[in-house]
Amino acid sequence: MGNCCQYMGPQKNTYVRVSLPAVCFVWQIAMVILFGVFIRYDKESDTHWVEHKKHENLTDLDNDFYFRYPSFQDVHVMIFVGFGFLMTFLKRYSYGGVGFNFLIASFGLQWALLMQGWFHSPDPATGKIYIGVESLINADFCCAGSLIAFGALLGKVSPVQTMVVTLFGFTLFAVEEYIILDLLHCRDAGGSMVIHCFGGYYGLAISWMLYRPNLHQSKNLHGSIYHSDLFAMIGTLFLWMFWPSFNSAITDHGDGQHRAAINTYIALASSVLTAVAISSLAHKKGKLDMVHIQNATLAGGVAMGTAAEFMITPYGALIVGFCMGIISTFGYLFITPFLEKYLKLQDTCGVHNLHAVPGMLGGFIGAIVAAAASTEVYSEEGLINTFDFEGKYANRGVGTQGGYQAAGTCVSIAFGLVGGALVGLILKFPIWGDPADDNCFDDEAYWELPEEEEDILPPVLEYNNHMINKQDIAESNFTMEET
Amino acid sequence: MGNCCQYMGPQKNTYVRVSLPAVCFVWQIAMVILFGVFIRYDKESDTHWVEHKKHENLTDLDNDFYFRYPSFQDVHVMIFVGFGFLMTFLKRYSYGGVGFNFLIASFGLQWALLMQGWFHSPDPATGKIYIGVESLINADFCCAGSLIAFGALLGKVSPVQTMVVTLFGFTLFAVEEYIILDLLHCRDAGGSMVIHCFGGYYGLAISWMLYRPNLHQSKNLHGSIYHSDLFAMIGTLFLWMFWPSFNSAITDHGDGQHRAAINTYIALASSVLTAVAISSLAHKKGKLDMVHIQNATLAGGVAMGTAAEFMITPYGALIVGFCMGIISTFGYLFITPFLEKYLKLQDTCGVHNLHAVPGMLGGFIGAIVAAAASTEVYSEEGLINTFDFEGKYANRGVGTQGGYQAAGTCVSIAFGLVGGALVGLILKFPIWGDPADDNCFDDEAYWELPEEEEDILPPVLEYNNHMINKQDIAESNFTMEET
Amino acid sequence: MGNCCQYMGPQKNTYVRVSLPAVCFVWQIAMVILFGVFIRYDKESDTHWVEHKKHENLTDLDNDFYFRYPSFQDVHVMIFVGFGFLMTFLKRYSYGGVGFNFLIASFGLQWALLMQGWFHSPDPATGKIYIGVESLINADFCCAGSLIAFGALLGKVSPVQTMVVTLFGFTLFAVEEYIILDLLHCRDAGGSMVIHCFGGYYGLAISWMLYRPNLHQSKNLHGSIYHSDLFAMIGTLFLWMFWPSFNSAITDHGDGQHRAAINTYIALASSVLTAVAISSLAHKKGKLDMVHIQNATLAGGVAMGTAAEFMITPYGALIVGFCMGIISTFGYLFITPFLEKYLKLQDTCGVHNLHAVPGMLGGFIGAIVAAAASTEVYSEEGLINTFDFEGKYANRGVGTQGGYQAAGTCVSIAFGLVGGALVGLILKFPIWGDPADDNCFDDEAYWELPEEEEDILPPVLEYNNHMINKQDIAESNFTMEET
């Protein structure tokens with residue numbers, strides 16, 4: 001593979017021996033310094049908790065660790081195995097899919113702890129950021145946004161570029177999240193707006209800026225093989241199974257977490273059936289397409305990100321999943337090719353159909369469900385509790401809340417599109433070591449690849465009871481050709 | 001692959017473009033309507049819980065979510081990744097294994113929420129079904145039954161047929177479970193009887209009805225390849241690791257969950273060693289067979305499904321696992337070939353050896369352990385608590401309980417065999433788009449397959465320092481043949 | 001593959017049809033007997049707990065099950081899927097990697113329950129061992145030690161030898177753990193010393209004793225292929241994601257578990273970036289090496305094993321991860337080849353760089369952090385609580401504690417080296433059925449392998465619109481060669 005590429009014509013320089021280590025070191029050292037200055041254990045993870053516990057007459061279980069840690073681990077699996085393996089579907093870019101995902105998320109979660117801390121919870125007296133298990137979940141959530149963007153760029157960018165996408169992506173994320181959750185006081189438990197909608201449009205805008213007119217030159221690698229699709233199914237299933245944990249990880253203790261998990265579970269089940277139905281309907285012989293099974297089945301979870309903690313009812317969750325399975329599969333069938341052809345937008349993983357659109361719709365669904373809330377259904381206290389109508393928001397009505405939720409969705413789209421366009425501009429500089437158009441979707445560019453699979457076949461093949469060496473076959477062929 | 005099949009002789013019509021979408025849509029729409037009419041959040045997942053909590057002086061942690069959710073997620077992984085990947089072992093039916101498993105379980109869990117609700121817990125006043133995390137676990141359990149049945153049919157049925165198997169399977173499951181758990185008042189925490197024994201015989205009976213005399217025509221695809229066996233090991237290990245959660249997920253809070261997890265953990269460890277021993281002993285050179293490692297190692301968990309919550313003792317659990325590893329491996333070595341040859345029963349995954357027999361034995365083991373229970377070992381309250389000797393069962397003795405447990409096992413076998421035979425009859429109609437005998441175990445029938453793996457090899461091979469194009473080799477060969 | 005090996009010259013006898021089943025049966029029967037004599041449910045997993053709970057006025061949640069079970073399951077996944085799949089990276093030893101890992105751990109956890117029970121917690125009155133969820137975690141921890149050792153030996157030993165390594169490994173582990181934790185009263189939550197350092201040196205010493213001068217004869221199988229590296233990434237990621245659970249699984253309830261998880265999470269993130277940086281820097285074109293990504297990214301977790309529960313600060317954790325990513329990657333680049341060439345030490349998985357050295361350094365880091373502890377940072381009670389300065393250790397100072405921690409690290413190295421050398425001696429007897437030098441890294445020796453992958457290719461290929469049968473090509477080639 002390596003050798004042959006040298007005969008495939010001119011190509012851009014994918015040499016990242018200086019830039020990649022430099023970026024990793026500089027950013028990691030910056031993290032060390034910033035962590036040293038800003039980050040501390042919060043009350044519940046500090047050794048002083050023993051005294052605090054006695055003083056407040058708490059039990060060990062009152063530590064938030066026991067409310068959130070199992071959900072945290074599920075979310076963690078989604079970020080690293082879920083997103084990572086979902087992106088192994090390309091026949092020759094599986095290392096890049098899972099490996100760069102690993103790199104992005106590992107850097108990103110550190111940067112997220114800082115950014116989210118600065119925006120949401122710095123101690124007013126000391127300026128320090130106090131972290132606990134909920135911070136870890138939020139950091140992982142933050143990763144999801146940039147990993148979604150990476151999905152649109154998969155195979156077309158260098159690892160250095162992914163680090164740039166991550167640095168800016170996390171920064172933008174923290175700002176838009178601050179605006180949506182703190183300033184507009186929206187609820188967005190599973191991040192339909194702040195994660196999926198933002199991440200999707202962010203990735204699409206970058207990809208649009210980085211349009212490659214000659215990407216067809218890498219066409220032979222822009223597809224899957226049998227086993228790469230199976231690896232991707234590992235990602236799909238872990239995302240699908242743990243999505244109830246994703247949407248419930250930071251909701252209110254008690255009924256909030258419980259309800260969010262149930263709603264997501266139900267919506268996802270429904271997505272699977274409609275995705276299968278449309279996939280089969282779209283093929284002339286009724287055959288299923290792995291792309292739809294791997295992606296569109298998840299759309300119900302994306303769209304429940306905002307409304308999962310509300311009283312959307314199990315029936316409502318089912319309808320959301322139902323519609324999203326259809327919309328997402330249609331997207332893969334018609335919208336992605338349309339975007340590529342007419343809008344010059346190349347979206348490797350189809351994040352438009354799995355994240356951008358279902359995330360946006362999820363935001364609006366959340367707005368509608370919020371606006372339709374009533375004390376009858378929620379109970380007086382339940383309503384206050386669910387929408388956090390406390391402090392200066394004590395008098396906000398559900399209608400107003402619905403309006404703000406819708407506005408929040410628009411904010412996330414705007415941040416995604418504008419931020420993505422700017423980052424895309426930065427990435428157009430010819431200094432990042434990205435691959436040439438005929439060299440995309442190929443791990444060869446950034447990974448030392450093992451020898452070919454052929455080499456595991458036995459060196460000697462038996463034909464008609466004679467032992468022939470492969471080399472002999474080759475030679476005989478060759479001789480013959482010359483004669 | 002697609003082309004060549006056209007030359008392989010006549011074949012049945014695997015066209016499911018109408019039937020599959022129709023079934024998916026009709027059933028999913030039915031679910032939406034039925035959920036709308038019947039399903040509501042239970043007390044602990046409703047926003048009213050905030051008030052209830054105050055009223056009852058509860059803490060957040062008293063929400064059942066915190067007792068059951070981690071186990072629920074483990075069970076969820078078993079259903080989708082465990083069963084799904086275990087069924088990827090066939091060389092060319094991995095998509096069908098993991099994909100149809102996904103479809104079955106996604107539809108099934110919705111239907112299970114309804115069926116189990118109707119049978120077990122409809123509100124007498126309103127007729128509504130109130131769901132919480134325990135309902136989700138039970139719905140997943142219900143899936144296990146039909147997925148086991150699917151294991152026997154793997155590669156021989158169409159996706160439409162799997163949906164029919166699921167619809168009837170879940171219905172039968174709910175009825176037999178109602179009879180066994182409610183009417184006979186059996187204990188069956190991990191479902192040796194209601195899940196494994198029923199599911200196993202249900203699948204075997206269907207498979208027996210659908211006997212294919214010419215299945216040997218698909219013989220070349222009825223086996224594994226190196227990497228498909230590795231994918232299957234993912235399934236095996238997730239089933240094996242999370243089985244303690246499966247058997248303890250719905251047992252009593254506190255010691256019940258604790259003990260069930262320990263017993264299952266121990267029994268499974270023991271199964272591995274005896275499965276390895278028999279597998280090695282059975283091969284003339286002592287080599288291990290992946291089929292045994294993938295399946296028989298799990299038999300200890302199946303057989304502990306009923307007794308895991310009892311005081312079977314760690315020593316007893318070890319013996320159960322010991323015997324099951326042997327019995328199950330023997331089954332794969334001798335019983336499955338025997339069944340196929342003499343009883344005309346084709347059992348793709350060998351569910352007879354992993355589910356039917358260990359499940360049945362697990363039921364009887366449970367009966368014996370129950371009958372042997374004493375207040376000395378259990379303590380007075382412990383005995384009442386473990387066997388739920390309350391209300392109208394307050395005076396039931398342990399001997400009687402043992403009898404009922406044994407009777408329950410027989411009920412599950414009867415339901416499996418009779419129900420399976422009837423469903424098999426229905427599936428014999430020539431309307432379901434199932435593959436022909438020479439077309440089984442082939443994803444080609446229902447999946448759009450990617451190009452062959454060969455295509456990832458470099459287009460140019462270097463022999464003796466000359467560059468030869470593959471095409472040239474082919475041409476030269478061909479020319480030569482003609483001359 | 002099978003046939004051709006017969007022509008590859010003389011080889012040792014890998015016949016294990018007698019020895020493997022014999023070892024499995026004998027050891028499993030011994031377990032049954034010893035469990036019968038010694039092992040009982042502990043207070044919280046016994047049915048008597050219902051009465052105990054009432055008596056002590058506890059709630060269901062006070063059962064340790066709810067504090068530890070989610071972490072236990074994460075650790076369980078690390079042992080079986082994490083270690084198992086990490087060892088599938090070899091192109092033709094994936095079955096052995098994941099399969100023997102399964103066998104070792106399944107036997108080992110039983111033996112660990114006994115050994116750890118005897119050393120740590122036998123009831124003084126009855127001599128019984130009482131087990132609960134914490135015992136299961138400790139048993140899994142114990143497995144990690146021997147699985148690390150197996151990593152050094154991967155592909156070069158027979159399954160019977162792995163069972164011997166396990167038997168002695170677990171015994172040595174229990175003794176060194178008793179000395180370090182009980183006699184020296186060290187703290188070692190995540191086992192940098194007792195697990196990683198011991199396991200690493202134990203494996204290296206065995207491998208050194210079993211040096212194979214002609215191992216280069218198996219060189220063609222001593223590497224990975226594209227998809228085997230992806231399978232290994234499954235192992236890497238599950239280890240990486242769940243390491244916070246590993247290091248926090250048996251720490252103090254409340255802040256102890258919380259802090260250990262946070263510290264490990266942070267350290268691991270940092271390791272990824274420096275491992276990537278060094279890997280890229282070391283390649284002439286800046287390409288990444290999968291070996292480093294699979295292994296060195298985990299080094300931060302290993303090194304945090306001791307200090308994770310201390311107040312190392314998030315900043316300190318970041319620095320530890322930073323350094324370990326560098327050291328471990330350097331190890332893979334330079335130390336492993338050096339050891340092989342000059343010290344005659346063949347270390348298949350490079351456990352020297354991932355476990356031995358980071359574990360040792362982790363022990364010393366723990367010593368330093370312990371010695372630097374102060375009541376200012378920890379609070380009076382927090383200090384006592386964290387270092388367990390109670391009973392006869394009430395007056396131990398932090399400086400002394402640091403000294404003992406360092407001494408403990410030395411004990412673990414000594415046990416690993418001396419124990420490993422002795423076990424290596426035992427394994428040199430020519431009775432264990434280990435493979436010959438030219439037969440290493442080959443599943444063929446101990447596994448019944450499926451047919452080659454080639455067989456899934458279509459039997460008919462289409463060239464230039466003519467249908468040619470593969471067989472014809474072969475024949476034509478052959479004919480030609482003869483003429």
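Chain C of this predicted model superposes on chain A with an RMSD of 0.0 Å after a turn of 120° and a shift of 0.0 Å along the axis, the fit being by least squares on the C-alpha atoms of residues with pLDDT of at least 70 in both copies. That is the relation of a three-fold axis. Within chain C, Pro70(C) comes closest to the rotation axis, at 3.6 Å (C-alpha).

Local features need pLDDT of at least 70 and side-chain atom pairs count only at pLDDT 80 or more, whereas totals for chains, interfaces and linings use all residues. Residues are numbered from 1 along each chain as its sequence is written, chains are lettered from A in the order in which they are written, and side-chain values use heavy atoms, without hydrogens and water.

The structure holds ten cavities of 30 Å³ or more. A cavity is a set of points on a 1 Å grid over the protein atoms alone where a 1.4 Å probe fits but cannot get out, and its lining residues have an atom within 4 Å of a point. A volume is the space filled by probe spheres set on the points.

| Cavity | Volume | Lining by class |
|---|---|---|
| Largest | about 240 Å³ | 18 nonpolar, three polar, no charged residues |
| Second largest | about 200 Å³ | twelve nonpolar, three polar, three charged residues |

Here Ala, Val, Leu, Ile, Met, Phe, Trp, Tyr, Cys and Pro count as nonpolar, Asp, Glu, Lys and Arg as charged, and the others, Gly among them, as polar.

The second largest cavity is lined by 18 residues, and those nearest its centre include Pro70(A), Asp74(A) and Asp74(C).

Definitions and conventions
1 Å grid on protein atoms, 1.4 Å probe; cavity = no way out; pocket = protein on both sides within 12 Å on 5 of 7 lines; lining within 4 Å.
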